[in-house]
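Here are some short exercises to work through with the structure open beside you. Try each task before reading its solution.

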Amino acid sequence: MTVGNVSREQISSKNNAQIKQIRKLRGRAERDQRGLFYVEGIRQVAEAIQLGAEIETLIVAPELLRSEFAHDLVERETAGGSDSLLVSADVFQTISEREHPHGLSAVMRQRWESLAEITLTSQSLWIGLDAVADPGNLGTILRTADAVGADGAILIGKTTDPYDPSAVRASMGAIFSQRLVRASNEDLTDWVEEQAVQVVGTSPDAPLDYQAARYDGPILLLMGSERHGLPPELIALCDPLVSLPMAGRSDSLNLSVATGVMLYEIFNQRRRGG
């Protein structure tokens, strides 16, 4: 069987060593150790390639790959030297996260940066996320961050993995456009003290309505965990600290929804010129 200009044997055993290694990427410990993650779907893989993500291996199931666009994509990548793995439909199903897979996925290298690599401009917008537990929430936040033109996310403390399959799916490709930084509370505090950045936070006890605040210059939006909100040491960094009004019986918003409301308020103020 031929992919691009390279003739390959198709893997038909579910117990193949390479297939086992790909399946292991479902676990965070394996992803962290190898610095890799799994991406599935024609749109997701195409987005990754367009944005310059580093592909370790393309996984192709020719029996399932019916899209002409996907065929052309695979041919271009393999002709350009990308490693590819041909597998049977049954084998692809064992690594797939989908009920009806379309025959294209990839193993990709994670991308991380440090706080020292961040250069702020007047339009910089970063989201600092403390101890976020739900990967779907994290992926949705990244998707919204991309929509408003944010730079990326600083993951503080024991935050869930943005390369978790649920986070990758929920990001809808934003995992490839958003920059990712890991930091401790202490490191973030030191960094903030050295920067000319407005640190914005939310708290249900804050007297200032989120729409009454003015968001100027480079901004770091701090959002706390789903259960506990921001810890005191991060609240101390915030100026302003704002609240989101609520009229119903619920006492809190979903984290990704609350973050989206804040991001769009900042975005709209910038669109209107303040």
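**Exercise 1. Find the residue in β5 that stands opposite V60, then place the strands in their sheet.**

Keep in mind that this is a predicted model.

Step 1: Look across from V60, and you meet L86 in β5.

Step 2: Now take in the strands themselves. β4 covers residues 55–60, and its pairing with β5 is parallel, over 3 bridges.

Step 3: Widen the view to the open sheet, where 4 strands follow the order β3-β6-β4-β5 with mixed pairing. β3 (36–40) and β5 (84–86) are the edge strands, each pairing on one side only. From one strand to the next, the twist averages 20°.

**Exercise 2. Describe how helix α3 lies on the strands and how it meets α4.**

Step 1: Start with α3, residues 42–50. This helix lies across β3, β4 and β6 (104–109), and runs at about 40° to β6.

Step 2: Compare the helix axes. Those of α3 and α4 come within 11 Å and cross at roughly 40°; the crossing is left-handed.

Step 3: List the residues that meet. α3 brings I42, V45, A46 and I49, while α4 brings F69, A70, L73 and E77. Sorted by class, this contact has 7 nonpolar residues, 1 charged and no polar ones.

**Exercise 3. Decide whether T78 is buried or exposed, and find which backbone oxygen lies 2.8 Å from a polar atom of its side chain.**

Step 1: Locate T78 in helix α4, which spans residues 68–79.

Step 2: Apply the cut-off. Buried means under 20% relative accessible area, and T78 has 6% relative accessibility, so T78 counts as buried.

Step 3: Check the side chain of T78. One of its polar atoms lies 2.8 Å from the backbone oxygen of V74.

Methods: Residues are numbered from 1 along each chain as its sequence is written. This is a predicted model: local features need pLDDT of at least 70, side-chain atom pairs count only at pLDDT 80 or more; totals for chains, interfaces and linings use all residues. Side-chain values use heavy atoms; hydrogens and water are left out. Helices (H or I, at least four residues) and strands (E, at least two) are DSSP runs, numbered from the N terminus. Buried means under 20% relative accessible area, exposed over 50%, partly exposed in between (1.4 Å probe, protein chains only). A polar contact is a pair of N or O atoms within 3.5 Å; within protein, one must be able to donate a hydrogen and the other to accept it, and residues adjacent in sequence count only if both atoms are side-chain atoms. Two strands pair if DSSP finds at least two bridges between them. Axes are lines fitted to C-alpha atoms, for helices over the stretch in contact, and angles run from 0 to 180 degrees between N-to-C directions. Contact means heavy atoms within 4.5 Å. A crossing is left-handed if the near helix is turned anticlockwise from the far one by less than a right angle, and right-handed if clockwise. Ala, Val, Leu, Ile, Met, Phe, Trp, Tyr, Cys and Pro count as nonpolar, Asp, Glu, Lys and Arg as charged, and the others, Gly among them, as polar.
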